[in-house]
Amino acid sequence: MIYSIIFITALFVTLFTVPFAKRAAFLLNALDKPSERKVHKIPMARLGGVAIFAGFFCAVFIGIIIAAFKGMNINYLALFGIMIGSVFILIL
């Protein structure tokens, strides 16, 4: 049950933020333009990772809240390391 709540949170946050990331990519000109070496024929948005990160971050946050209410033990140092690593990957 806990895993399904976390999964649904990640799913809906990602689905909700994808259109905003796409609009932001076109506004910021963060596009992958077509060329003879590429498959796509129209410019494609390159900020989809931001939406995936938002879903991941919210799912981790909900997981922490659920674990706190259930009295589960969490290795916060490892979780902090994973979150910092994911922020670095997002930046790159």
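These legends walk through several close-up views of a predicted model of one protein chain.

**View 1. The whole chain, from helix to helix.** Welcome to the overview: the protein chain holds three helices and two strands, arranged along the sequence as α-β-β-α-α. The C-alpha trace covers about 55 × 25 × 20 Å along its principal axes. For the chain's 92 residues, a compact globule would have a radius of gyration near 12 Å, whereas the value here is 17 Å. If you like contact maps, note that 49% of the contacts with a separation of 6 or more join residues 24 or more positions apart.

**View 2. The surface of the chain.** How much of the protein chain counts as buried? The share is 21% of the 92 residues. The accessible surface amounts to about 7200 Å², and carbon and sulfur atoms contribute 75% of that area.

**View 3. Helix α1 and its bend.** Helix α1 takes in residues 2-27, 26 residues in total. From first to last C-alpha, α1 reaches 38 Å, close to the 38 Å expected at 1.5 Å a residue. Where does α1 bend? Look at threonine 17, where the bend is about 30°; proline 19 follows within four residues. Threonine 17 is also one of the buried residues of α1.

**View 4. The buried residues of α1.** Here the side chains to pick out are Thr9, Ala10, Thr14, Thr17, Ala21 and Ala25, which are buried. What do the buried residues of α1 pack against? Their partners are both β1 (31-32) and β2 (44-45), together with helix α2 (48-70).

**View 5. Asparagine 29 in the loop after α1.** Asparagine 29 sits in the loop between α1 and β1. Its phi is positive, about 60°, although asparagine 29 is not a glycine. Is asparagine 29 buried or partly exposed? With a relative accessible area of 48%, asparagine 29 is partly exposed, because the limit for exposed is over 50% and that for buried is under 20%.

**View 6. A salt bridge between aspartate 32 and lysine 38.** Side chains of opposite charge can pair when their charged atoms come close. In this view, aspartate 32 and lysine 38 form such a salt bridge, with 2.7 Å from N to O. The count for the model comes to one salt bridge. Lysine 38 has a relative accessible area of 31%, so the residue is partly exposed.

**View 7. Helix α2 and its neighbours.** Helix α2 has 23 residues, which should span 33 Å at 1.5 Å a residue, and its end C-alpha atoms are indeed 33 Å apart. Buried here are Ala51, Phe53, Gly55, Ala59, Val60, Gly63, Ile66 and Ala67. Which helices do these buried residues pack against? They pack against α1 and α3. Just after α2 comes glycine 71, with a positive phi of about 75°.

**View 8. Leucine 79 in helix α3.** The last close-up centres on leucine 79, a residue of helix α3 (residues 76-91). Setting aside neighbours within four places in sequence, leucine 79 touches Val60, Ile64 and Ile74. One of these contacts, Val60, is also among the buried residues of α2. Leucine 79 and isoleucine 64 lie 15 residues apart along the chain, and their C-alpha atoms are separated by 9.7 Å.

Terms used:
Residues numbered from 1 in each chain as written. Predicted model: local features only at pLDDT ≥ 70, side-chain atom pairs only at ≥ 80, totals over all residues. Heavy atoms only, no water. Rg over C-alpha atoms; globule rule 2.2 N^0.38 Å. Buried < 20%, exposed > 50% of the residue type's maximum accessible area, 1.4 Å probe, protein only. Contact = heavy atoms within 4.5 Å. Areas by Shrake-Rupley, 256 points an atom, 1.4 Å probe, with all protein chains shown as cover. Expected span 1.5 Å × (residues − 1). Bend = angle between axes of the 7 residues up to and from the residue. Salt bridge = Lys/Arg side-chain N within 4 Å of Asp/Glu carboxyl O.
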